[in-house]
Amino acid sequence: MRTAYSVETVRAAERELMARLPEGALMQRAAAGLAAACAGLLRRARGGVYGARVVLLVGPGDNGGDALYAGARLARRGAGVTAVPMDPERMHPGGLAALRAAGGRVERSVPQRADLVLDGLLGIGGKGGLRPAAAALVEHIPPGVPVVAVDLPSGVDADTGEVAGPAVTADVTVTFGAYKPGLLIDPGASRAGAVHLVDIGLELPSPQVQALQHADVARLLPEPTATSDKYRRGVVGIVAGSAQYPGAAVLAVAGALRGGAGAVRYVGPAAVQEAVLARYPETLIGPGRVQAWVVGPGLGEGRAGEVAKLLAQDTAVLVDADGLRGLDPTALRARTAPTLLTPHAGEAAALLGVERKSVEEGRLDAVRTLAQRYGAAVLLKGSTTLIASGGETTVRVNPTGTPWLATAGSGDVLSGLAGSLLAGGLSGADAGAVGAYLHGLAARRVGGPLLAHQVAEALPEAWHDTRHP
């Protein structure tokens, strides 16, 4: 599992460690890891470090110091290293001395011939986009040259992933001590490239953000036993679809059938029942005992009473799409059974009573606020899907998402899938996190342009992938 920590938490851990180490030792650890990662890239790209042209974009703080010390290590291995400062009067003195002693040089402008560029302009404490002086340096990075970000791409908010102005887009980010939330949450995650973690010995508390990996998902997935039957494996009920949107019901049932449930029960209009049975004859039709309900996909207007009736039961419920309209926070907080809400940004904005833009620009804060206000687990869909629970402080980030999932019906499949995991006994947060992970993994198996039903069909292979990576 990847775990990410806030700037405040990382800074506190760094202070504790620095108090026990000789002065400058922590920066040297970071620089050594950074130089090693850069050397590896140069070996793969051009066969070695010797003779490589390396450019350092250097800010005034410790981030710039890390870049300078790493540059000195590369220079001692035969690279030609040039440092270009954002402010020549405010370069890290120790790092600058080390670079010059190793044969590196300082120039005022970015050379147009380079094999590698290090972004050491801003550290994890930077807020807002790049200032004009830094942005001007970034604009002059030679096209096509690999960029390595030092700890975090400059201009990305380390705590949220927000990008409030000009920012660096890196091919690789070498981060120190711990992942930062901004490296896992878009738009920052999209600018980080491949993230390489350097262990510098920090002792850290509970994380602010988690990202599941294959082994974590495999451990959480419900497994049938020798005594299992379809009812013990979990029955999920689907209340979805309408005359206008019959396909939503078919896709939700598809996700549920391939999500591990022992049986799927559909409750809805007769015409939609026929569409469901025509595609999936194994579906049970009509009311009956279930372990979890999925309500909302393609439901249309005027069916709020059905949603309220299901929420009044002592049964796990996933609420999506049209079912999210007009939810009562007080009623949801009073529930004792698991509740999972799965809004996209527009639906989340309506639940919070804010503009959609504020959700899109502050996704981490939005999902936490929703979970606390409604006392439920919340899966906030988007380029980075986030999952929060009203009773937990850690937010989960889905690492398998792909922009190809931005297609009609994709959310309906996810609802059915996560609902089946709820019926299998997972908590709301676990069902949301595991469902999003498998959903993204299945989409990646399809690859390129896809249709929602193709994602559903690829779910069994996604299950297999988590157990046999």
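This is a tour of a predicted model, going through its sheets, helix pairs, unusual backbone sites and pockets.

**The seven-stranded sheet**

Start by selecting the strands S4-S3-S2-S5-S6-S7-S8, listed here in their order across an open sheet of seven strands. The pairing in this sheet is parallel. Now pick out strand S4 (105-106) and strand S8 (194-198), which stand at the edges. Each has a single partner strand, so one side of each is left without a neighbour in the sheet.

Next, select residues 53-58, strand S2, together with residues 80-85, strand S3. These two strands run parallel and are joined by six bridges. To see one contact of this pair, display Val 58, whose bridge partner in S3 is Pro 85.

While this sheet is on screen, go to the loop between strand S6 (147-150) and strand S7 (172-176), where Asp 151 is placed. Asp 151 is not a glycine, but its phi is positive, near 75 degrees.

**The eleven-stranded sheet**

Move on to the open sheet of eleven strands, with the order S1-S9-S18-S17-S16-S15-S14-S13-S10-S11-S12. Here the pairing is mixed. Strand S1 (2-4) and strand S12 (284-285) are the edge strands; each pairs with a single strand, so one side of each has no neighbour in the sheet.

Stay at the S12 edge and add strand S11 (residues 263-267), which pairs with S12 in the parallel sense over two bridges. Select Arg 265 and Leu 284: the latter is the bridge partner of Arg 265 in S12.

**Two helix pairs**

Hide the strands and show H3 with helix H4 (residues 93-101). Their axes are 8 Å apart and the packing angle is about 15 degrees. Angles under 35 degrees count as roughly parallel, and H3 and H4 are therefore roughly parallel to each other. The crossing of H3 past H4 is left-handed.

For the second pair, select H9 and H16, whose axes come within 6 Å and cross at roughly 40 degrees. That angle makes H9 oblique to H16. This crossing of H9 and H16 is right-handed.

**A cis peptide bond**

Select Asp 186 and Pro 187, which are joined by a cis peptide bond with omega of about 5 degrees. Pro 187 is found in the loop between H6 and H7.

**The largest pocket**

Turn on a surface and look for the largest pocket, with a volume of about 1,200 Å³. To centre the view, select Gly 382, Ser 383, Thr 384, Thr 385 and Gly 401, the closest to its centre of the 48 residues that line the pocket. Several helices give two or more residues to this lining, among them helix H6 (181-184), helix H7 (188-192), helix H9 (246-257) and helix H16 (410-423). Helix H17 gives the most, with five residues. Colouring the lining by class shows 20 nonpolar, 18 polar and ten charged residues.

**The second largest pocket**

The last stop is the second largest pocket, with a volume of about 550 Å³. Select Arg 11, Met 27, Asp 62, Asn 63 and Asp 66, the closest to its centre among 26 lining residues. At least two lining residues come from each of helix H1 (7-18), helix H2 (25-46) and helix H3 (62-76). By class, the lining of this second largest pocket has 14 nonpolar, five polar and seven charged residues.

Terms used: Residues numbered from 1 in each chain as written. Predicted model: local features only at pLDDT ≥ 70, side-chain atom pairs only at ≥ 80, totals over all residues. Heavy atoms only, no water. 1 Å grid on protein atoms, 1.4 Å probe; cavity = no way out; pocket = protein on both sides within 12 Å on 5 of 7 lines; lining within 4 Å. Points joined across faces, edges and corners; volume = space filled by probe spheres on them. Helix = DSSP H or I, 4+ residues; strand = E, 2+ residues; numbered from the N terminus. Nonpolar A, V, L, I, M, F, W, Y, C, P; charged D, E, K, R; others polar. Pairing = 2+ DSSP bridges. Axes fitted to C-alpha atoms, helices over the stretch in contact; angles between N-to-C directions. Parallel < 35°, antiparallel > 145°, perpendicular 65-115°, else oblique. Left-handed = near helix turned anticlockwise from the far one by under 90°.
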